[in-house]
Amino acid sequence: MSSFVYMKVLESAPWRYDRGIRWLSGGHIEALWQRLAERAAGPGRRVLDIGCGTGGVALACAALGADVVGIDMNAEMLAVARSKTVAADAGGKVEWVELGAAEIEDRFAEACFDAVVSSLALSEMSPEGRRYALRVAWSRLRPGGLLVVADEVRPTDAAARLWQRTRRAPLVALTWLLTQTSTQVLDDLAGLVREAGFTQVRETRPWSSDLAIVEGVRPAEETS
Amino acid sequence: MKARALPGYLYDTLTRLFPHRTRTGLRAVGTPGPDAPVLVTGNYTLTVRRLTEHLAGFDCWLLVADSRGINVWCAAGGGHLTHHDVIAAIRTSGVAERVRHREVVLPQLGATGIERRAITEATGWATRWGPARLEDLPAFLARGSRIVKRWRFMRFPAWERFEMAAVWALPMTLVAGPVFGILGGRRVLAATLLQVWIVVPGLFLTVPHWPVRGRGRWVVFAGAAAAGFGLAWGVLALLGGVSGGHLILAAVASVAAVGVLAVDFAGTTPWYPSYVNSFRNTPAITLSEDRCTGAAECVQVCPRDVLAMEGRRRKVRVARPDDCIACGACIVQCPEDALHFRYPDGRVVEAATIRSTRLNMMGRRTVHVGPGGPAR
């Protein structure tokens, strides 16, 4: 999986985002959306997508018949998402809302989702924003509900970490030139998920050591 | 400033064109109590450093929102600091447990991205605009968080002009120094660096006494390059190093230095719209007077004193349109959507578009979405 810093450039021109991210991820991005959707969605399931961007994961969930809400702070990205239509006729539907993760509680009742997904969005938040988002995700999930998040992480072995840094450096510079910003790499995604109260936390890195998918369950019985 | 802080301060200042993230969340300045004011800012290291310095002696809370390591003005314009980020800061920082009141002071330059009503609707917290420049915060706080008109407008003091000049001249020195040193030797190096460090600050110090926005700027840039070349020639003559090759190098250096600056000189001042974003198509701020109810929210956020309230008529007037820098703050804040941009090519961009689209160096203020997917 290639570096995602360049994503910020793509975001600054949302109509280029999909093409760019597909190229950046070496064609894995659709597989990633699909994998998240397969874990989280299903006919009639209510799914929340935090930081939905141009809607890749949300639409994949809807294609499997889920009733999806995609939220993002960036209105331009949402405009691109809105222009897309739900594939297939599994009965799924999507609603797009301009909303930050810290505002979820204003719009959605507790325990109202069967699953919460988030792809390449947690790394864009501040550390306390990230913890807050995961706690809110926990509270909006029904007991037994599933969290599935994917993000760019630091590889566990030193050589891979060095390679990641080397490869990111020119992209960081280019991205800064074009957008004056950059994304961050997460250190311990699974740890954050556990800290928010999720159990049965599982981490996989199906394509490369710097992209992790983490799952967690809101326990059916309240535990602390 | 403590001597120990100097290296960090210099580093942050000289690399100020790059984002520098500092810790987000709530910070105490002095020993603030539950009634102390809460000042919102972004997590740009240099700003937080300067705020802490200027607020010495005051007791208040700094609520550092996530502006992605970018200064408040650029972050708000580029969509990296919006009401969503301020709401997130209020909710995730625990500020509600530390203060009894429910009000934050927002940085005025955040007005291009922060919608006050959205913050109050989501959190119940009241908001008010602080001064445009952080140097005015001590006086603002001393007046019980009340603004004075002149604190709304951007100044461009000499120290800041030098700072912006250094921000350009330093990378020029780092890049061009070795090149010209190797090609021409020590004398050429001395001559070219001297001309860079005189011509670049010279241009910043003489604003607004030359046509920064107009076509006439090319005459000024050409003159500056010629002056730089003359200077370098003089230095070479003094050092006894005048030769054809050396003069060619000096000419290349002076043209390159001014050329780099000419790319977006205006955008690195607080007084002019960026060349890069607007090119020749600079929008004019336009008021639909029939919609204006005289709320004057726009007047409160204009950093260039373009808008004026006509008290008797209860209407706003675009009083000094030539000074508009097209930041869009007034358009974003107008509760009646009475303001918009009108471009020379006839396009009109309304408030809803300004609020939902962001600018950056590649930015444009229209969303290209058509049936069957995003266009372009």
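Colleague: Is A:Lys93 buried or exposed?

Modeller: This is a predicted model: local features need pLDDT of at least 70, side-chain atom pairs count only at pLDDT 80 or more, and totals for chains, interfaces and linings use all residues. Residues are numbered from 1 along each chain as its sequence is written, chains are lettered from A and ligands numbered from 1 in the order written, and side-chain values use heavy atoms, with hydrogens and water left out. Buried means under 20% relative accessible area, exposed over 50%, partly exposed in between (1.4 Å probe, protein chains only). With a relative accessible area of 52%, A:Lys93 is exposed.

Colleague: How many residues apart in sequence are the parts that A:Lys93 and A:Asp67 tie together?

Modeller: Take the salt bridge rule: a side-chain nitrogen of Lys or Arg within 4 Å of a carboxyl oxygen of Asp or Glu. A:Lys93 and A:Asp67 meet it, with closest N and O atoms 3.7 Å apart. A:Lys93 is in strand E3 of chain A and A:Asp67 in strand E2, so the pair ties together parts separated in sequence by 26 residues.

Colleague: Which helices does the salt bridge between B:Asp12 and B:Arg49 tie together?

Modeller: Helices (H or I, at least four residues) and strands (E, at least two) are DSSP runs, numbered from the N terminus. The closest N and O atoms of B:Asp12 and B:Arg49 are 2.8 Å apart. B:Asp12 lies in residues 6-14 and B:Arg49 in residues 45-54 of chain B, so the pair ties together H1 and H2.

Colleague: Is B:Asp12 buried or exposed?

Modeller: Its partner B:Arg49 is partly exposed at 26% relative accessibility. B:Asp12 has a relative accessible area of 5%, so B:Asp12 is buried.

Colleague: Where in chain B does the salt bridge partner of B:Arg133 lie?

Modeller: B:Arg133 meets B:Glu160 at 2.9 Å, N to O. B:Arg133 is in the loop between strand E5 and helix H7 of chain B, whereas B:Glu160 lies in helix H8.

Colleague: What distance separates the end C-alpha atoms of H8(B)?

Modeller: H8 covers residues 158-205, 48 residues in all. The expected span is 1.5 Å times one less than the number of residues. A straight helix would reach 70 Å, but the ends of H8(B) are apart by only 7 Å.

Colleague: Which residue is at the centre of the kink in H8(B)?

Modeller: The bend at a residue is the angle between axes fitted to the seven residues ending there and the seven starting there. In H8(B) the kink is about 135°, centred on B:Gly185.
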